[in-house]
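Reader: Please take me through one part of this model in detail. Set the scene with the chain as a whole, then stay with the strands, and finish with a helix pair for contrast.

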Amino acid sequence: MAVMEKMTRASSGGMISGRTMFCHLDAPANAISVCRDATQVVVAGRNIFKIFALEDEGFVERLNLRVGRKPSLNFSCADVMWHQMEENLLATAATNGAVVTWNLGRPCRNKQEQLFTEHKRTVNKVCFHPTEVHMLLSGSQDGYMKCFDLRKKESVSTFSGQSESVRDVQFSMKDYFTFAASFENGNVQLWDIRRPDRYERMFTAHTGPVFCCDWHPEDRGWLATGGRDKMVKVWDMTTNRAKEIFCVQTIASVARVKWRPERKWHLATCSMMVDHNIYVWDVRRPYIPFATFEEHKDVTTGIVWRHQHDPDFLLSGSKDSTLYQHMFKDASRPVDRANPEGLCFGLFGDLAFAAKESLMSGEVGRKPYAGGDRRYPIFFFKKPDVTEQFAQVSSALSVFETAPGGAPMDWFIKTARRYLLSGRPFAELCEHNAKVAKDLNRPQVSTTWTMLRIMFSDPANPSSSSNHNLSKLGNLPLMNSFSMKEMSSALTERNKENRQDNIHNLDSNLNTTEDNEETEGSEGQAEYLFGDAELDDDDLYSMEHENQAAEEAEFSLPQEAFPLRHEIVDHPSAPEPLTEKPESPHVSGSEAEATCLTPMESFSLISVSSSLLFPPHLPPAFFSPVVIAMLRYYAEQGDVQMAVSVLIVLGDRIRREIDELTQEHWYMSYIDLLQRFELWNVSNEVIKLSTCGAISCLNQASTTLHINCSNCKRPMNNRGWICDRCHQCASVCAVCHHVVKGVFVWCQGCSHGGHLTHIMDWLRNSTYCPAACGHQCEYT
Amino acid sequence: MTAVTADPFSSSDPYKICAVCQKVTKNKERGTRVPEPFCSGPSAFIPEEEILEAWLEDPPAELLLADQLDHLTQVMGLHPHYLKAFLRCQFYLLKMDGPLPLHYRHYIAIMAAARHQCWYLVRAHMREFYRRAVCLDWLKGLQFSDQKLQKLNEINKILAHRPWLITKEHIQALVKTGESSWSLAELVHAVVLLAHFHALASFVFGSGINPETPSSISLYCTCDPTGDEEETEFHSFFSTSPENEPEALMETMKRLQEEREREEEEASEEEMFTRFEKEKKESLLVGSGDFDKEVMSFSRVSRFVEDSDFGYKDFARHGEDNPPTFRAQDYSWEDHGFSLVNRLYSDIGHLLEDRFQTACDLTYYNMASHEGVDTSMLRRALFNYVHCMYGIRYDDYDYGEVNQLLERSLKVYIKTVTCYPERTTRRMYDSYWHQFRHSEKVHVNLLLMEARMQAELLYALRAITRYMT
């Protein structure tokens with residue numbers, strides 16, 4: 001490993017030196033501990049118990065404490081601690097519940113000194129008193145903590161955590177008599193060593209087990225805890241109630257936490273599962289680790305700072321059977337790799353963009369968007385702190401809103417609300433939807449609906465509806481995107497001329513003769529839409545740069561244009577000209593009359609003339625490929641609303657032709673959009689009408705509604721209206737005092753309510769609850 | 001809608017061929033001494049009145065919502081506190097948001113229950129599957145189902161019968177990219193479902209749950225799997241069993257407790273080790289060896305089972321390479337299992353933990369007719385004995401206790417219910433703890449179920465962890 005070759009010297013006072021290095025152990029480690037002078041480290045695990053000397057060049061095995069032929073569970077260590085006063089003294093916690101002390105000064109090979117077997121379950125933690133030589137504390141799975149005097153054969157006092165397993169015990173660094181214990185149920189208790197009958201204080205620190213805790217080496221009131229809920233919390237214990245002052249969210253359950261010496265705000269953590277790295281956090285910067293050590297290949301089980309006053313050396317043992325010494329300067333700094341840029345789209349097309357300030361400042365003068373755009377620069381200022389070694393990055397956040405009045409997504413909401421997807425005959429649905437689209441200035445969508453009606457309707461009774469349609473069409477002054485943009489007529493002229501050549505080519509393809517001129521016109525218009533659309537927009541852009549609406553038009557133009565072209569080639573029934581004619585200066589009155597053909601009529605005209613090619617009544621299946629192509633086109637353009645609506649309205653006519661996955665995908669996208677816009681009813685209707693199994697089961701989940709009785713406040717267990725506890729009608733309307741069987745509206749503040757209409761009436765006149773409970777109810 | 005072959009919901013044959021003794025049993029012909037199973041009512045082992053009584057006494061209120069309770073719920077309702085945790089967890093597994101589509105979940109339930117030929121559960125989930133009304137032809141059999149589910153069969157059978165064999169290679173095979181591969185989240189969901197329904201099958205057989213549609217014959221054969229020749233021994237046990245059984249048990253517990261307190265001589269490590277090994281080995285002897293030739297082909301669930309020969313084999317066999325003992329301290333539910341399962345399938349960890357804890361801590365402080373008894377030692381013995389049979393060892397447990405607390409007939413029952421529940425009989429159920437209440441025996445079943453589920457989960461999750469690292 002390349003890192004290891006780097007020779008380094010300790011930066012602080014040259015007291016200890018070393019480099020990043022590691023050695024292989026024979027077995028996974030469970031815990032490690034260093035002796036006070038930082039020259040030796042002990043590694044303990046289920047099948048290992050060894051002492052290594054920390055030399056400059058590497059680890060050197062000094063002693064194997066697992067002696068004897070018989071495998072003993074007393075050697076199977078869950079935890080180990082080296083005494084910080086007495087350099088020959090060690091203690092281990094065994095998985096079988098034994099607490100063992102070891103004296104390295106013993107002359108024989110077996111260094112075991114004392115064996116305490118008072119715990120009935122695995123001992124999770126042992127801890128020596130920081131200043132008292134003979135005092136040892138243990139915490140066990142059986143819920144007890146025991147304090148041993150090493151001069152005696154048994155424990156001197158037992159502390160009961162009330163049957164919950166103890167995960168960690170730590171003597172306070174500063175208060176002689178105090179120790180903290182963390183528990184599997186999420187609690188942390190503070191005890192006075194002289195009072196074994198009752199804890200001094202208890203608070204809930206985490207949800208789920210608290211695996212570890214550590215007192216701050218300098219600040220007497222600070223306790224760091226780490227739990228299975230993936231959090232590290234720092235508590236201030238000096239106040240009456242333990243106060244959470246910092247909270248760091250990690251990505252995995254926290255197995256160990258250790259304050260970094262000489263750095264007030266830093267602590268190291270490692271996790272119990274999945275994540276193998278060791279993180280050093282600055283608790284004031286909880287979102288990104290200050291430093292990371294990524295050497296281990298399996299979970300890190302033990303971490304310890306090599307010397308109590310040296311912040312640069314960290315030792316770690318791991319399940320991957322290695323023991324590491326990490327140099328702080330070799331740590332990776334995630335903050336350097338972090339990308340301080342961010343980009344996000346809002347629901348209504350707003351855009352938020354954050355970038356390094358330095359990058360942004362160059363562009364401030366440029367004003368990339370003017371006029372309708374507003375720019376909100378938001379700066380997050382933090383006071384630069386000299387003690388904080390974090391790289392200072394400040395980002396500027398800009399929010400770009402779409403111009404007011406542009407309301408780019410309005411059409412989506414309105415369309416979603418007004419479309420009819422079921423409940424009427426097919427032709428009426430299409431017609432209705434076509435009208436909706438037309439009202440919203442989406443002629444192309446409208447046309448699509450109309451054509452769908454034509455294609456799939458029963459050809460027997462088209463006349464009435466088409467007449468009806470005709471009159472409607474004639475009356476409605478339909479505007480298309482061009483009029484919106486207030487295009488100059490000059491531009492139109494120019495384009496018309498450009499078109500001429502194309503038209504002639506196309507004409508030859510058409511075998512309509514008498515209608516030639518008319519079709520030509522329509523072709524022209526259509527061609528204008530597609531062919532030159534982009535060019536026009538570019539022009540527009542340069543002309544009206546600040547007009548946000550222009551940008552919107554850019555979206556809608558090609559999307560409306562494209563499928564038309566196909567349809568014209570297949571069946572030259574383009575209703576598009578209709579919408580153009582009123583504005584076209586070249587159209588005479590009679591022409592206008594003629595163009596007011598309904599699509600239906602033009603279709604029949606053409607089908608007569610082209611009867612050589614096609615039978616007069618085409619079966620709906622004939623159109624399927626076209627319709628499918630159309631649906632796919634809409635979906636690809638981002639108008640998944642259209643795709644799904646057509647899919648639902650056409651139902652079985654088209655459903656089988658499109659594969660399930662695609663349909664599901666469309667549905668999901670549309671439902672997602674609807675829910676973002678909080679169009680719950682529409683979304684539910686779509687789910688209900690969908691034929692995909694995966695979709696329709698969406699609204700079969702979470703269908704339970706739990707209610708409490710309004711009288712006795714107990715949960716209602718019965719269906720029906722009578723609470724079976726207090727035998728009263730539970731859902732009585734506060735206004736009319738009758739039982740509400742139907743939509744019930746109630747106040748979340750005072751839980752009174754009643755018939756929707758009654759409550760609405762009541763609150764129109766009064767702001768207080770109709771039940772006279774004095775609550776000011778609000779109806780929104 | 002495609003029609004499913006035959007009608008799966010009714011069996012017209014008046015004869016039941018017992019999977020164990022392979023005798024055609026006509027209801028009437030069987031002996032007089034052995035009590036007949038109850039054909040109606042929720043359980044074949046427990047008189048209906050007893051269950052109803054418990055329900056009337058203390059109706060678990062939430063459940064009255066349901067118009068018709070299935071028999072399983074009724075029996076489990078003897079312990080309403082646990083039932084709540086159980087139903088919440090099962091509901092979350094089957095109905096709430098999760099990585100797997102709903103019909104997959106029921107199909108996995110069918111697959112899992114079919115491994116133990118648990119027709120009760122298979123039928124229930126076939127119904128649920130019908131209701132989803134998708135992919136109905138899957139019900140024709142496993143080979144008609146999705147490729148993805150067929151791939152799951154491998155770990156299904158391993159987890160059902162010999163969970164210690166699961167390795168990270170199995171996980172790799174399922175997760176590796178390609179068509180019909182599993183995501184880790186889906187896999188964890190599936191594994192929890194499998195473990196849940198394997199264990200639930202144990203409960204169903206252990207408590208003799210009757211199908212809801214009343215039929216004249218019971219699913220539960222009255223035969224004794226140990227064979228007729230042992231019947232005499234069986235009955236001699238009856239006679240020798242002391243009248244004051246609960247008292248004796250309490251006596252033992254008291255003595256053990258005192259021994260603990262006195263802790264005169266600590267058993268040596270070796271001694272502890274041999275005690276564990278002894279229990280492990282002894283678990284081989286109880287029960288009745290191999291049933292390799294089990295015939296399943298005629299059973300109604302066989303179409304959901306592939307590789308039906310794969311059955312339970314004892315964890316520890318003489319003279320064979322045993323898989324290494326699973327050390328509970330190295331991979332525990334609280335520390336490791338929970339974190340992993342919750343990470344990949346959010347919230348399920350809490351629900352499972354709730355279940356485990358409720359089942360383990362459940363006590364009414366009474367035993368048979370005695371009150372104010374601390375049963376924690378007995379509960380722990382039951383739980384750890386199941387884990388012991390699966391090769392999971394607790395360093396801090398003295399397996400000598402198991403031997404003293406659990407009588408042989410109970411061990412036979414435990415072994416049968418956890419390892420091959422389909423062979424459970426009324427006689428086994430009746431043969432232990434004569435003076436105990438039925439609800440206490442159901443409590444035993446709950447413990448067995450949860451212990452088994454946890455053991456399966458631990459093995460599976462350990463394999464997933466190893467795959468991930």
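Author: The accessible surface of chain A in this predicted model comes to about 37500 Å². Carbon and sulfur atoms account for 53% of that surface. Chain A has 780 residues, and 51% of them count as buried. Take the contacts in chain A with a separation of 6 or more: 50% of them link residues 24 or more positions apart. The secondary structure of chain A comes to 21 helices and 34 strands.

Now the sheets. Strands β14, β15, β16 and β17 of chain A form an open sheet, in the order β14-β15-β16-β17. The pairing is antiparallel. At the edges lie β14 (166-171) and β17 (201-204) of chain A, and each pairs on one side only. From one strand to the next, the twist averages 15 degrees.

Look at one edge of that sheet. β17(A) pairs with strand β16 (residues 187-192) of chain A. Four bridges hold this antiparallel pair. One residue match fixes the register for the eye: A:V188 has A:F203 in β17(A) as its bridge partner.

Next, the sheet with the order β18-β19-β20-β21 in chain A. This sheet is open, has four strands and pairs in the antiparallel sense. Its edge strands are β18 (210-215) and β21 (243-249) of chain A. Each of these two pairs on one side only. Here neighbouring strands are turned by 20 degrees against each other on average, direction ignored.

Move inward to strand β19 (residues 222-227) and strand β20 (residues 231-236) of chain A. These two run antiparallel and are joined by five bridges. A:G226 finds its bridge partner in β20(A), namely A:V232.

Last, the helix pair, in chain B. Two packed helices are described by the angle between their axes and the distance between the axes. Helix α5 (residues 119-132) and helix α8 (residues 184-206) of chain B have axes that come within 9 Å. The axes cross at roughly 125 degrees. α5(B) is therefore oblique to α8(B).

Which residues meet? From α5(B) come B:Y120, B:L121 and B:H125. From α8(B) come B:F197, B:L200, B:A201 and B:V204. By class, this contact has six nonpolar residues, one polar residue and no charged residues.

Note on methods
Residues numbered from 1 in each chain as written. Chains lettered and ligands numbered in written order. Predicted model: local features only at pLDDT ≥ 70, side-chain atom pairs only at ≥ 80, totals over all residues. Heavy atoms only, no water. Buried < 20%, exposed > 50% of the residue type's maximum accessible area, 1.4 Å probe, protein only. Contact = heavy atoms within 4.5 Å. Areas by Shrake-Rupley, 256 points an atom, 1.4 Å probe, with all protein chains shown as cover. Axes fitted to C-alpha atoms, helices over the stretch in contact; angles between N-to-C directions. Parallel < 35°, antiparallel > 145°, perpendicular 65-115°, else oblique. Nonpolar A, V, L, I, M, F, W, Y, C, P; charged D, E, K, R; others polar. Pairing = 2+ DSSP bridges.
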